[in-house]
Structure formats: structure tokens, C-alpha cells
Amino acid sequence: MFIHHLDDESWLKLLTGEDAEQLFMLVDSCRPHLRKWLPWVDSTKTVEDSKAFIAGGLQKFAAGNGFEAGIWHKGQLAGVIGIHYIDRANRKTSIGYWLGEQFQGLGLMTKACKACIDYLFHEQHLHRVEIRCAVENKRSRAIPERLGFTNEGTIREAEWLYDHFVDHVVYGMLAREWKR
């Protein structure tokens, strides 16, 4: 189990089954907000769905192929950051994240991303980290832009979001470009 302190009031912690109820309650409390950008919100209907998500994240972690970590602030689950996979052959990965609406604007996601990127480049010795965001999701796009990622282009109609396709911007960071 890992816990990484972001500051005096915030930390990252690998999600476990004990967190399923809090995770579900957070998703349920801001469903309309999350649904604008995340395709899995409607299929998260019960605590059991959150347990299944967490179990998948724990399997990834055990296999050394990524993880799902809760972002905690003042003892409350604020959101999730995940390493989707680790492509060892090409030494690359991608990061995904979301915050509950009430936790936005506190700098939590920027700190969480910095911590994960440091881990990926300095402990996992990866070469490349990607973040993909819907073109219209300005708040999500602000994170890689703030961290100095390169906007590498747009993938047209990259994701089906309930009743329409959305374009994604691909942001990339190489290990040699990353400054702690």
C-alpha cells in the first residue's frame, strides 16, 4: 500500500475495497459534473461498481501495470488519478484523472499529477507520459499545460461520450523535459 503526501492536508493513496463507498458517494454527488467528460459515469450505479473498479486497479498495481489512487484532502476523498498502463517496451504510459466538483480550484490535481510524473520518470524510468483531454474540457487541459506538457495535436472523434463523439488533445512529456 502506498501513501504519498502532497502537502499537509492532501495525499495520494492506492484505492482499496475500504474506499468503495466513499468513491461511489463522491461520483454520485457530482454525477452531472463528471458526466460532461467521463464515459463511465452512467455505468457506475452502485457501490459494487466502485468495488469492481477498485479491484481492477489493484490487479493492475499487483501486475506492475499502473494503479488507481485516491486523492484525499482533509480526510475526504476528492478524486482519482490513475496510471492507465505501463508500456515497458516503449517506456511510456498515460495518466487519467478527475476531481469532485467541490474540490476543484485547490491545486490538488496539479500536485497529484506532479507526484505521479516524478514517480514515472524517476522510479519507473519511463521515457514518455501522455495526458489526453477532451478539447472542450478547459479545466482538465489546464493541468498538462500548467505542467509544461507539449500539445502534440488533436485526435478527431476520439471518444464516444453517451450520444456524441468528442475530440481529444494529446499532451506529451518526455523524461528529459521534465523538471521536478
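Visitor: How many helices and strands does the secondary structure of the chain come to?

Guide: In this predicted model, the chain has five helices and eight strands. Their order along the sequence is β-β-α-α-α-β-β-β-α-β-α-β-β.

Visitor: What makes the chain as compact as a globular protein of its length, or less so?

Guide: The test is the globule rule, 2.2 Å times the number of residues to the power 0.38. For 180 residues the rule gives 16 Å, and the radius of gyration of the chain is close to that, at 16 Å, so the chain is as compact as a globular protein of that length. The C-alpha trace spans about 40 × 40 × 30 Å along its principal axes.

Visitor: Why are α1 and α3 called roughly perpendicular to each other?

Guide: The axes of α1 (residues 20–29) and α3 (residues 47–62) cross at roughly 115° and come within 8 Å. Angles of 65 to 115 degrees count as roughly perpendicular, and therefore the term applies to α1 and α3. The crossing is right-handed.

Visitor: Which residues make the contact of α1 with α3?

Guide: From α1 they are A20, E21, L23 and F24, and from α3 they are V47, S50, K51, F53 and I54. By class, six are nonpolar, one is polar and two are charged.

Visitor: Where does UniProt place the feature "domain: N-acetyltransferase"?

Guide: The unreviewed UniProt entry puts that domain at residues 10–176. In the model, residues 10–176 are 34% helix and 34% strand, with end C-alpha atoms 28 Å apart.

Terms used: Residues numbered from 1 in each chain as written. Predicted model: local features only at pLDDT ≥ 70, side-chain atom pairs only at ≥ 80, totals over all residues. Heavy atoms only, no water. Axes fitted to C-alpha atoms, helices over the stretch in contact; angles between N-to-C directions. Helix = DSSP H or I, 4+ residues; strand = E, 2+ residues; numbered from the N terminus. Parallel < 35°, antiparallel > 145°, perpendicular 65-115°, else oblique. Left-handed = near helix turned anticlockwise from the far one by under 90°. Contact = heavy atoms within 4.5 Å. Nonpolar A, V, L, I, M, F, W, Y, C, P; charged D, E, K, R; others polar. UniProt positions renumbered as here; feature names shortened; annotations may be inferred.
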